[in-house]
Amino acid sequence: MLPSDIPAVNRHLKKAFHSVRAPIMELVAAQTQDPFRILLGTILSARTKDACTAAACGRLFEKVTTPDGLRGIPLEELERLIYPVGFYREKARHLKALPGVLDEKFGGVLPQTIEGLCELPGVGRKTANLVVALGFDKPAICVDVHVHRITNRLGLVCTKTPYETEMALRGTLPVRYWKTWNSYLVSFGQTRCAPRNPRCAGCPIAAFCNIVSDLP
């Protein structure tokens, strides 16, 4: 795949995205339109299947919608609400510490930059980029395992880590695609371009893919 192929690939990815159920954080963003709840949901979603994340978000958001609500809930109850998301005890501790860090570093206001968000407990670049894009509607490139895998399979980047992929895409991918490519590629990775045994037959972007072009 060449950078000049990006518009065509984007059209195929967009069509595929709208033919299936959206990734969970896209749904949370549409339902809440609240950067804080998008942050909480994104933290919960790490290493957790969408169905489990959705259920945990539903339970949590019945009790907590603001930093003050999070501050007032006991850690044990927080663990119970988000169980069985992956690493639920660690995530509960991060969430419990979040209001204090917001107060200390940002005057209680959720930062709108990747650098600021990365100062919060439990937040890395993937989470920060997703919150910037979905929560604040600003250009950001969220690179998770799906984005990293598929962009390397396509040959758009040649990188070893998600961070390297993010930096490479920032120099290659037009800004107008930044906010949507995570959703498109996550959906595509969950439904077709799996880590093992991807469904290459009939793939709408097979003509642009280095993996398919190398098959006998």
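Select Arg 125 and Glu 166 in this predicted model. The two side chains form a salt bridge, and their closest N and O atoms are 2.6 Å apart. Arg 125 belongs to helix H9 and Glu 166 to helix H11 (residues 162-172), so the pair ties together parts that are 41 residues apart in sequence. Are the two partners buried or exposed? Arg 125 counts as partly exposed, at 26% relative accessibility, while Glu 166 counts as buried, at 3%.

How many salt bridges does the structure hold? There are nine. Side chains of opposite charge can pair when their charged atoms come close.

Next, select Arg 71 and Asp 103. They form a salt bridge whose closest N and O atoms are 3.1 Å apart. Arg 71 lies in helix H5 (residues 67-71) and Asp 103 in helix H7, so this bridge ties together parts 32 residues apart in sequence. Arg 71 is partly exposed at 37% relative accessibility, and Asp 103 is partly exposed at 38%.

Move to Glu 77 and Lys 63. Their salt bridge has its closest N and O atoms 3.8 Å apart. The pair links distant parts of the chain, with Glu 77 in helix H6 (residues 75-82) and Lys 63 in helix H4 (residues 50-63), 14 residues apart. Glu 77 counts as partly exposed, at 22% relative accessibility. Add Arg 80 to the selection: salt bridges that share partners join Lys 63, Glu 77 and Arg 80 into one network.

Now select Lys 91, in helix H7 (residues 88-106). Which side chain of opposite charge is nearest to Lys 91? The nearest is Glu 90, 8.2 Å away, and Lys 91 is buried yet has no salt bridge. A salt bridge needs the nitrogen and oxygen within 4 Å. Leaving out residues up to four places away in sequence, Lys 91 touches Ile 43, Leu 44, Ser 45, Ala 46, Thr 48, Ile 82, Val 85 and Gly 86.

Lys 91 also leads to a pocket. Together with Glu 90, Arg 125 and others, Lys 91 lines the second largest pocket. About 270 Å³ of space lies in this pocket. To show its lining, select Ile 43, Ala 46, Arg 47, Phe 87, Glu 90, Lys 91, His 94, Gly 122, Gly 124, Arg 125, Lys 126 and Thr 127. H7 and H9 each supply at least two of the lining residues. By class, the lining has three nonpolar, four polar and five charged residues.

For the largest pocket, select Ser 45, Asp 144, His 146, Val 186 and Gln 190, which lie nearest its centre among 24 lining residues. The elements giving two or more residues to this lining are helices H2 (24-32), H3 (35-45), H9 (125-136), H10 (145-154) and H12 (178-191). The volume of the largest pocket is about 550 Å³. Its lining divides into ten nonpolar, eight polar and six charged residues.

Stay with H12 for a cavity. The whole structure has two cavities of 30 Å³ or more, and the second largest has a volume of about 40 Å³. Select Ile 141, Cys 142, Val 147, Leu 169, Trp 178, Trp 181, Asn 182 and Leu 185 to see what lines it. H12 gives the most to this lining, with four residues. Seven of the lining residues are nonpolar, one is polar and none is charged.

Finish at Cys 200, in the loop between H12 and helix H13 (210-213). Cys 200 is partly exposed, with a relative accessible area of 23%. Select Ile 211 as well: Cys 200 and Ile 211 are eleven residues apart in sequence, and their C-alpha atoms are 8.8 Å apart in space.

Methods: Residues numbered from 1 in each chain as written. Predicted model: local features only at pLDDT ≥ 70, side-chain atom pairs only at ≥ 80, totals over all residues. Heavy atoms only, no water. Buried < 20%, exposed > 50% of the residue type's maximum accessible area, 1.4 Å probe, protein only. Lys, Arg positive; Asp, Glu negative; His and termini not counted. Contact = heavy atoms within 4.5 Å. 1 Å grid on protein atoms, 1.4 Å probe; cavity = no way out; pocket = protein on both sides within 12 Å on 5 of 7 lines; lining within 4 Å. Points joined across faces, edges and corners; volume = space filled by probe spheres on them. Nonpolar A, V, L, I, M, F, W, Y, C, P; charged D, E, K, R; others polar.
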